[in-house]
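Hi everyone, thanks for making time. I'd like to walk you through one structure today, so have a look at it while I talk.

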Amino acid sequence: MDNGISIRKPVVYVTGPYSADPKTGLRLAIRAGFDIYRAGGCPIVPHLTHFAEKVIPVGYDAWSEIAIGVIEVCDAIYRIPGESCGSDHEVTHALRYDIPVLFGRKSMREWITEWNSECLKQPLY
């Protein structure tokens, strides 16, 4: 922000289909991440482990375990539409930790706007 006030942006984890069609899943997740950024959030796009797997081939289970740990420190998760058992598991895990699950771009943008508005109301000490 130009006024010298720094607020922590909400960290939003992107979850959605991947395994059935990795190319489409990557494209949708990256676009969702950029939408989160434009709305004022800080996106986490786990689909990018697609590329990490080529460097460190540890397999789906290891990346899934890492993803669950990341979800636990996020402020919300954004669910991309589409069938995905992995995403369903991530949503269930988030709800278990009372982490908001956002469905649809409009609700995601509204949630981030509200988060940022509330942060501005907090004292800076």
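I'll start with the sheet, go on to the helices around it, and finish with one side-chain pair.

One thing to keep in mind is that this is a predicted model.

So, the sheet. It is an open one with four strands in the order E2-E1-E3-E4, and the pairing is parallel. Which strands stand at the edges? They are E2, residues 42-44, and E4, residues 101-103; each has a single partner strand, so one side of each is left without a neighbour in the sheet. From one strand to the next, the twist averages 30°.

Now let's look at strand E1, which covers residues 11-15 and pairs with E2 in the parallel sense over three bridges. If you want to find the register on your screen, Val 11 stands opposite Cys 42 in E2, and Val 12 stands opposite Pro 43 in E2. In a regular strand, side chains alternate between the two faces of the sheet. Here is how that plays out in E1: Val 11, Tyr 13 and Thr 15 are on one side, Val 12 and Val 14 are on the other, and all are buried. Put as a count, five of the five residues of E1 are buried.

What packs on this sheet? Helix H1 does, touching E1, E2 and strand E3, residues 76-79. The direction of H1 makes about 160° with that of E1. Helix H4, residues 85-96, packs on the sheet too, touching E1, E3 and E4, and its direction makes about 150° with that of E3.

Let me stay with H4 for a moment. A quick check on its geometry: at 1.5 Å a residue, its 12 residues should span 16 Å, and the end C-alpha atoms are 17 Å apart, which agrees. The buried residues in H4 are Ser 87, Glu 90, Val 91, His 93 and Ala 94. Why do we say they share a side of H4? Because they cover an arc of only 165° around the axis, which puts them on the same side. Those buried residues pack against E1, helix H3, E3 and E4. On the other side of H4, Cys 85 and Arg 96 are exposed. Just for the backbone fans, H4 is followed by Asp 98, whose phi is positive, near 60°.

That brings us to H3, residues 60-71. H3 has 12 residues and reaches 16 Å from its first C-alpha to its last, close to the 16 Å expected. Its buried residues are Trp 63, Ala 67, Ile 68 and Ile 71. They cover an arc of only 145° around the axis, which puts them on the same side of H3. What covers them includes E1, helix H2 (49-55), E3 and H4. The face of H3 turned away from that buried side carries the exposed residues Asp 61 and Glu 65.

Last stop: Asp 35, which lies in helix H1, residues 22-39. Is Asp 35 buried or exposed? Its relative accessibility is 12%, and the cut-off for buried is under 20%, so Asp 35 counts as buried. What does its side chain meet there? A polar contact of 2.5 Å joins it to the side chain of Arg 105. Leaving aside residues up to four places away in sequence, Asp 35 touches Arg 105 and Met 108.

That's my tour, and I'm happy to take questions.

Terms used
Residues numbered from 1 in each chain as written. Predicted model: local features only at pLDDT ≥ 70, side-chain atom pairs only at ≥ 80, totals over all residues. Heavy atoms only, no water. Helix = DSSP H or I, 4+ residues; strand = E, 2+ residues; numbered from the N terminus. Buried < 20%, exposed > 50% of the residue type's maximum accessible area, 1.4 Å probe, protein only. Polar contact = N/O pair within 3.5 Å; in protein donor to acceptor, adjacent residues only side chain to side chain. Contact = heavy atoms within 4.5 Å. Pairing = 2+ DSSP bridges. Axes fitted to C-alpha atoms, helices over the stretch in contact; angles between N-to-C directions. Expected span 1.5 Å × (residues − 1). Arc of directions from axis to C-beta.
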